[in-house]
Amino acid sequence: MQTLTILRPDDMHLHVRSGAALRSVVPFSARQMKRAVIMPNLKPPVATVAQALAYKEEIINALPPNTLFTPLMTLYLTDKTMPDMVFDAAKNGIVAFKLYPAGATTNSDDGVTDLFRLHDTLQAMSDAGLPLLMHGEVVDNLVDIFDREAVFIEKIAKPLCEKYPDLRMVFEHITTQQAAEFVCQADDNIAASVTPQHLLMNRNHLLVGGVRPHHYCLPILKRETHRQALLQAVSGSLSHKFFLGTDSAPHAQNRKECACGCAGVFSAHAAIELYAEAFEEANALPKLQAFASQNGAKFYRLPENTDTITLIKQTQQVPDFYAFGEEKLVPLRAGETIAWRVVDE
Ligand code: NCD
Ligand code: ZN
């Protein structure tokens with residue numbers, strides 16, 4: 001039986017919500033991951049150091065006994081984020097700021113309306129060495145939903161790189177060949193996270209044979225050529241610029257299966273196994289450890305984890321749903337199988 005032992009991974013892009021929902025999902029990540037970069041798109045957003053530290057406490061309180069899992073906290077960039085808040089964040093262990101263009105995705109109403117008006121704040125981030133995590137989509141209604149990432153590169157990401165050459169940036173959950181190329185061509189202060197769903201699925205998985213709301217996320221799944229470009233990016237010669245960020249984004253079943261369903265795919269129940277499938281498809285299993293456990297830590301200037309997890313090539317059955325507070329949560333591959341599983345210690 002094929003096995004694979006790798007340093008314990010970190011999830012560099014994770015949504016855990018709050019309250020009972022948080023208590024339902026945090027243990028899934030804590031079982032596989034050592035650390036996770038926690039997204040701040042709560043309602044209201046996590047926009048101050050005090051809010052982030054309280055949120056961190058809530059996550060830690062939801063951990064199963066004897067679990068060593070470190071939430072890495074981020075702040076939500078708003079039109080009101082001032083330079084002194086950036087330096088204060090750096091002093092208090094906040095690892096990054098998250099840019100949501102206003103209206104781009106779930107809970108982004110408080111997002112930035114014009115990034116280039118935040119000059120002093122961006123300069124402060126550059127000076128403090130705090131990365132800007134970008135939800136890389138424009139929100140212009142005239143731009144087709146499938147083109148929003150590519151247009152973001154031209155309109156925002158490239159000008160940003162020119163104006164702030166030392167600003168460290170993560171292009172989050174990239175979905176297109178253009179984004180992969182942009183990151184490869186940029187200096188090493190630019191990196192990208194990649195989700196399991198964008199490595200494993202294309203837009204047919206969303207739309208052929210019926211609309212599948214549980215495959216709806218933002219940025220939206222793209223055509224197969226883009227999926228191939230992502231597989232190439234995470235396994236190619238510049239693969240050190242790409243790292244694991246699940247964007248696991250739980251929503252209750254009734255918020256997904258309705259007339260106007262929320263964006264977000266829940267993958268934390270089997271994140272590393274799903275990535276193993278993708279890397280196996282790309283003939284790149286030897287590169288999984290760097291992607292999952294080393295490249296992200298290096299970018300965030302964190303020490304590598306020292307303990308390991310072992311994956312085994314053995315089919316696991318995914319349940320139809322998990323409990324999500326009082327509600328139900330439909331995971332990626334619900335009712336189906338995954339080709340790998342993590343060996344329990
Ligand atoms: C995320 C969520 O639900 O919070 N949804 C998603 O489709 N990815 C928000 C985000 O990261 O865009
Ligand atoms: Zn996200």
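Here are some questions and answers about this predicted model.

Me: How do the axes of helix α11 and helix α12 cross, and is α11 parallel or oblique to α12?
Reply: Two packed helices are described by the angle between their axes and the distance between the axes. Helix α11 covers residues 271-281 and helix α12 covers residues 288-299, and their axes come within 9 Å and cross at roughly 140°. An angle over 145 degrees would count as roughly antiparallel. The crossing therefore makes α11, relative to α12, oblique.

Me: How many residues of the contact of α11 with α12 are nonpolar?
Reply: Let's start with who takes part: α11 brings I272, Y275, A276 and F279, while α12 brings L288, F291 and A292. Sorted by class, the contact has no polar and no charged residues, and the count of nonpolar ones is 7.

Me: At what angle do α9 and α11 pack, and is α9 parallel or perpendicular to α11?
Reply: The axes of α9 and α11 are 10 Å apart, at an angle of about 90°. Angles from 65 to 115 degrees count as roughly perpendicular. So α9 is, with respect to α11, roughly perpendicular.

Me: How many charged residues are in the contact of α9 with α11?
Reply: On the α9 side you will find R227, Q228, L231 and V234, and on the α11 side A278, F279 and E281. The classes here are 4 nonpolar and 1 polar, and the number of charged residues is 2.

Me: How many residues of α11 are buried?
Reply: A residue counts as buried when its relative accessible area is under 20%. In α11 the buried residues are A271, I272, E273, L274, Y275, A276, E277, A278 and F279. The helix is mostly covered, and of its 11 residues the buried number is 9.

Me: Which element gives the largest share of the largest nonpolar core?
Reply: In soluble globular proteins, nonpolar side chains tend to be buried together. The largest nonpolar core here has 100 residues, and L132 and F171 touch the most other members. The largest share of this core is 7 residues, and it comes from α11.

Me: Which residues does L132 touch, leaving out those up to four places away in sequence?
Reply: L132 is a good place to look, being with F171 one of the two residues that touch the most other members of the largest core. With residues up to four places away in sequence left out, the partners of L132 are L77, F97, L99, L122, M125, L160, L167, R168, M169 and V170.

Me: How many disulfides does the structure hold?
Reply: A disulfide is a covalent bond between the sulfur atoms of two cysteines. For C260, the nearest cysteine sulfur belongs to C258 and is 6.7 Å away. For C262, the closest is also in C258, at 6.4 Å, which is too far for a bond. The number of disulfides in the structure is 0.

Me: Is C260 buried or exposed, and is C262 buried or exposed?
Reply: Residues under 20% relative accessible area count as buried, and those over 50% as exposed. C260 has a relative accessible area of 69%, so C260 is exposed. C262 has 13%, so C262 is buried.

Me: Which residues does C184 touch, leaving out those up to four places away in sequence?
Reply: C184 sits in helix α6, residues 177-185, and is partly exposed at a relative accessible area of 27%. Its C-alpha atom is 9.2 Å from that of F242, although the two residues are 58 residues apart along the chain. Leaving out residues up to four places away, C184 touches L238, K241 and F242.

Me: Where is P219 found?
Reply: A cis peptide bond joins L218 and P219, with omega about -5°. As for its place, P219 lies in the loop between α8 (204-207) and α9 (224-235).

Me: Is N66 buried or exposed?
Reply: N66 is a residue other than glycine with a positive phi, near 60°. Its place is in the loop between α2 and β4 (70-76). The cut-off to remember is 50%. With a relative accessible area of 84%, N66 is therefore exposed.

Note on methods
Residues are numbered from 1 along each chain as its sequence is written. Chains are lettered from A and ligands numbered from 1 in the order in which they are written. This is a predicted model: local features need pLDDT of at least 70, side-chain atom pairs count only at pLDDT 80 or more; totals for chains, interfaces and linings use all residues. Side-chain values use heavy atoms; hydrogens and water are left out. Axes are lines fitted to C-alpha atoms, for helices over the stretch in contact, and angles run from 0 to 180 degrees between N-to-C directions. Helices (H or I, at least four residues) and strands (E, at least two) are DSSP runs, numbered from the N terminus. Angles under 35 degrees count as roughly parallel, over 145 as roughly antiparallel, 65 to 115 as roughly perpendicular and the rest as oblique. Contact means heavy atoms within 4.5 Å. Ala, Val, Leu, Ile, Met, Phe, Trp, Tyr, Cys and Pro count as nonpolar, Asp, Glu, Lys and Arg as charged, and the others, Gly among them, as polar. A disulfide is a pair of cysteine sulfur atoms within 2.5 Å. Buried means under 20% relative accessible area, exposed over 50%, partly exposed in between (1.4 Å probe, protein chains only). A nonpolar core is a set of buried Ala, Val, Leu, Ile, Met, Phe, Trp, Tyr and Cys residues joined through side-chain atoms within 4.5 Å.
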